[in-house]
Amino acid sequence: MLTLKYITENTDEVIARLAKKRFDGAAIIAQVIELDVLRKATQTKLDNSLAEMNNLSKEIGLFFKQGKQAEAAAAKENTIVLKDNIKIFDDKLSEIEQKLNELLVLIPNLPHASVPEGKHAEDNLVERSGGEIPALFEDAVPHWDLAKKYDLIDFELGVKISGAGFPVYKGKGARLQRALINFFLDNAREAGYLEIQPPYVVNAASGYGTGQLPDKEGQMYHCTIDDLYLIPTAEVPVTNIYRDVILDEKDLPIKNTAYSACFRREAGSYGKDVRGLNRLHQFDKVEIVQIQHPDKSYETLDQMVIYVQTLVEKLELPWRILRLCGGDMGFTSALTFDFEVYSAAQERWLEVSSVSNFENYQANRLKCRFKGADKKTQLCHTLNGSALALPRIVAALLENNQTPEGIRIPKALIPYTGFEMID
RNA sequence: GGAGAGGUGCUCGAGUGGUUGAAGAGGUACGCCUGGAAAGCGUAUAUACGGUGUGGAAUCGUAUCGAGAGUUCGAAUCUCUUCCUCUCCGCCA
């Protein structure tokens with residue numbers, strides 16, 4: 001969430017910038033500021049009462065020590081009213097703080113100055129692109145047909161076992177998955193990321209820390225018996241490693257990578273673009289996460305984008321990078337670049353990665369701070385990106401590399417798959 | 001799942017109702033000492049919010065001894081709830 005301090009000190013600027021995200025913040029921010037004034041006044045009253053109480057208690061203790069029972073009893077009388085006041089102020093303060101928090105959580109992150117204006121995905125800017133869109137032979141088919149033809153992925157079997165959106169990978173299909181995961185993890189390690197194996201279920205505090213809760217409550221699978229959530233991305237457990245942590249400035253940037261299965265309910269997105277691997281309830285992804293000094297986070301964002309670019313290039317896929325517009329960006333992000341690869345048989349671009357700088361928005365919730373040489377603690381900046389999400393990469397790989405003789409595996413991947421063709 | 005023990009600051013570790021934000025030790029930082037280093041000596045070493053205030057100096061107040069609630073004039077210390085850790089038993093990959 002945004003820091004209270006920033007909102008109160010830059011009110012007009014905040015409202016203006018939120019407009020780019022198509023968020024009308026005027027009313028809610030007015031409420032926040034009003035509550036903040038009330039909060040300060042209430043805390044001052046509470047603190048004064050508590051201080052008085054502490055003094056009285058010390059006095060009473062002294063009276064008892066000196067055997068002055070009468071004086072002690074008299075002083076006790078004075079605490080009665082004070083005690084009532086403390087209770088009133090304390091309750092009021094808690095109530096104000098809770099309300100304030102409820103409001104702050106509703107305000108999205110501020111978009112970076114470079115975020116383009118716009119409402120929809122069509123307004124995103126193509127930053128740059130590369131690779132070649134292949135010319136397919138006449139009988140080329142989409143990946144779901146290829147998956148069937150070569151017995152790589154069984155969607156119907158997944159329906160039987162679990163439901164729609166839970167495919168079963170088989171044979172070279174399964175091996176291709178494993179190869180991609182290892183390929184991505186090895187590349188990340190070589191780029192300086194520490195490999196992490198996180199839990200796949202998290203508690204509510206973690207969901208809250210990275211912003212999935214309460215905003216996207218319905219998008220996560222929830223195990224109600226234990227009140228745990230299946231992770232929608234490794235970002236959640238990995239970033240929460242640094243919840244309530246004060247890092248040493250020397251340790252920045254923190255670079256972590258993790259493979260995980262990802263679980264998403266995708267409520268409300270049935271019907272469109274869900275064919276084959278395009279949208280699943282369970283999928284595999286390798287994530288990269290960085291925690292960085294505020295002065296360096298945009299430099300880091302660029303490096304992460306370039307890193308992801310090297311991956312799609314090694315996989316010989318036609319790619320493009322989009323700078324997301326204000327209306328299409330995520331709630332918690334300040335600047336996001338999406339990666340898309342072209343899926344030649346479907347003849348459409350598929351999103352395979354999203355790389356974002358959250359600035360201190362997540363860190364403020366997480367209480368992830370660092371302390372530098374000046375002994376001051378301040379919030380870190382957090383960044384993350386997919387590197388990469390598997391299903392759509394697989395879709396594009398299958399479709400783009402199909403030949404009448406079989407499906408060609410890109411050179412960089414062959415050491416990982418152990419085979420050159422799917423036939 | 002059954003029985004017991006415990007959760008204190010960066011770490012270890014005292015502390016069972018009254019200046020305890022918290023002894024002591026270690027670690028770390030700075031200073032002194034030294035040709036340099038070690039040892040030794042000295043000093044410092046949490047976070048959040050609020051008040052006064054300046055160049056984001058400083059200073060005062062409040063809270064925090066796993067978390068939440070309670071008893072009391074007063075709780076790290078007593079009671080309850082809850083989470084977690086450890087030991088033993090059972091069960092299982």
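## Loops with unusual backbone geometry

Pro214 is placed in the loop that runs between α8 (204-209) and β6. The peptide bond leading into this proline, from Leu213 to Pro214, is cis, and its omega is near -5°. The structure described here is a predicted model, and the values reported below are computed from it.

A cis peptide bond is also found from Leu252 to Pro253, with omega near -5°. Pro253 belongs to the loop between β8 (245-248) and β9 (254-263). A further backbone feature concerns Glu316, which is not a glycine yet has a positive phi of about 60°. Glu316 sits in the loop between α10 (297-314) and β11 (319-323).

## The sheet of β5, β6 and β7

Three strands make up an open sheet with the order β5-β7-β6, and their pairing is antiparallel. The edges are taken by β5 (201-202) and β6 (222-223); each has a single partner strand, so one side of each is left without a neighbour in the sheet.

The pairing of β6 with β7 (residues 228-230) rests on two bridges, and the two strands run antiparallel. Across this pairing, Cys223 stands opposite Leu228 in β7. The loop that holds Pro214 lies between α8 and β6, and β6 is one of the edge strands of this sheet.

## The β12-β13 hairpin and its link to β16

Strand β12 (residues 335-343) is joined to strand β13 (residues 348-357) by nine bridges, in an antiparallel arrangement. Within this pairing, Phe339 has Ser353 of β13 as its bridge partner. The two strands form a hairpin with four residues between them, and in this hairpin Glu347 takes a positive phi near 55°.

Strand β13 is also joined to β16 (residues 381-389), by three bridges, and these strands run antiparallel. One bridge partnership here is that of Asn357 with Leu383 in β16.

## The sheet of β17, β18 and β19

A further open sheet consists of three strands in the order β17-β18-β19, with antiparallel pairing. Its edge strands are β17 (402-403) and β19 (421-422), each of which pairs on one side only.

Two bridges connect β17 to β18 (residues 406-408), and the strands run antiparallel. In this pairing, the bridge partner of Thr403 is Gly406 in β18.

## The second largest pocket

The second largest pocket holds about 650 Å³ of space. Its lining comprises 25 residues, and those nearest the centre are Leu2, Thr3, Asn360, Asn364 and Leu379. In terms of secondary structure, α1 (4-9), α11 (361-366) and β15 (377-379) each contribute at least two residues to the lining of this pocket.

Both domain 1 (4-104) and domain 2 (121-422) provide at least three residues each to the lining of the second largest pocket. By class, this lining contains eight nonpolar, eight polar and nine charged residues.

## The surface near RNA strand B

RNA strand B has 21 residues around it, and Arg39, Gln43, Thr44, Asp47 and Lys371 come nearest. The surface near the strand receives at least two residues from each of α3 (26-65), α4 (69-104) and β14 (368-371). Of the elements that supply this surface, α3 gives the most, with 13 residues. The residues of the surface divide by class into six nonpolar, seven polar and eight charged.

On the RNA side, 76% of the atoms of strand B within 4 Å of the protein belong to sugar or phosphate, and the rest belong to bases. Individual polar contacts involve both parts of the strand. An N or O atom in the side chain of Arg39 is 2.3 Å from a sugar or linking oxygen of RNA strand B. The side chain of Asp47 has an N or O atom 2.9 Å from a base nitrogen of RNA strand B. A polar backbone atom of Ser57 is likewise 2.9 Å from a base nitrogen of RNA strand B.

How values were computed. Residues are numbered from 1 along each chain as its sequence is written. Chains are lettered from A and ligands numbered from 1 in the order in which they are written. This is a predicted model: local features need pLDDT of at least 70, side-chain atom pairs count only at pLDDT 80 or more; totals for chains, interfaces and linings use all residues. Side-chain values use heavy atoms; hydrogens and water are left out. Two strands pair if DSSP finds at least two bridges between them. On a 1 Å grid over the protein atoms alone, a cavity is a set of points where a 1.4 Å probe fits but cannot get out, and a pocket is an open set with protein on both sides within 12 Å along at least five of seven lines; lining residues have an atom within 4 Å of a point. Grid points are joined across faces, edges and corners, and a volume is the space filled by probe spheres set on the points. Ala, Val, Leu, Ile, Met, Phe, Trp, Tyr, Cys and Pro count as nonpolar, Asp, Glu, Lys and Arg as charged, and the others, Gly among them, as polar. Domain bounds come from an automatic or database domain assignment. A residue is near a molecule or strand if one of its heavy atoms lies within 4 Å of it. A polar contact is a pair of N or O atoms within 3.5 Å; within protein, one must be able to donate a hydrogen and the other to accept it, and residues adjacent in sequence count only if both atoms are side-chain atoms.
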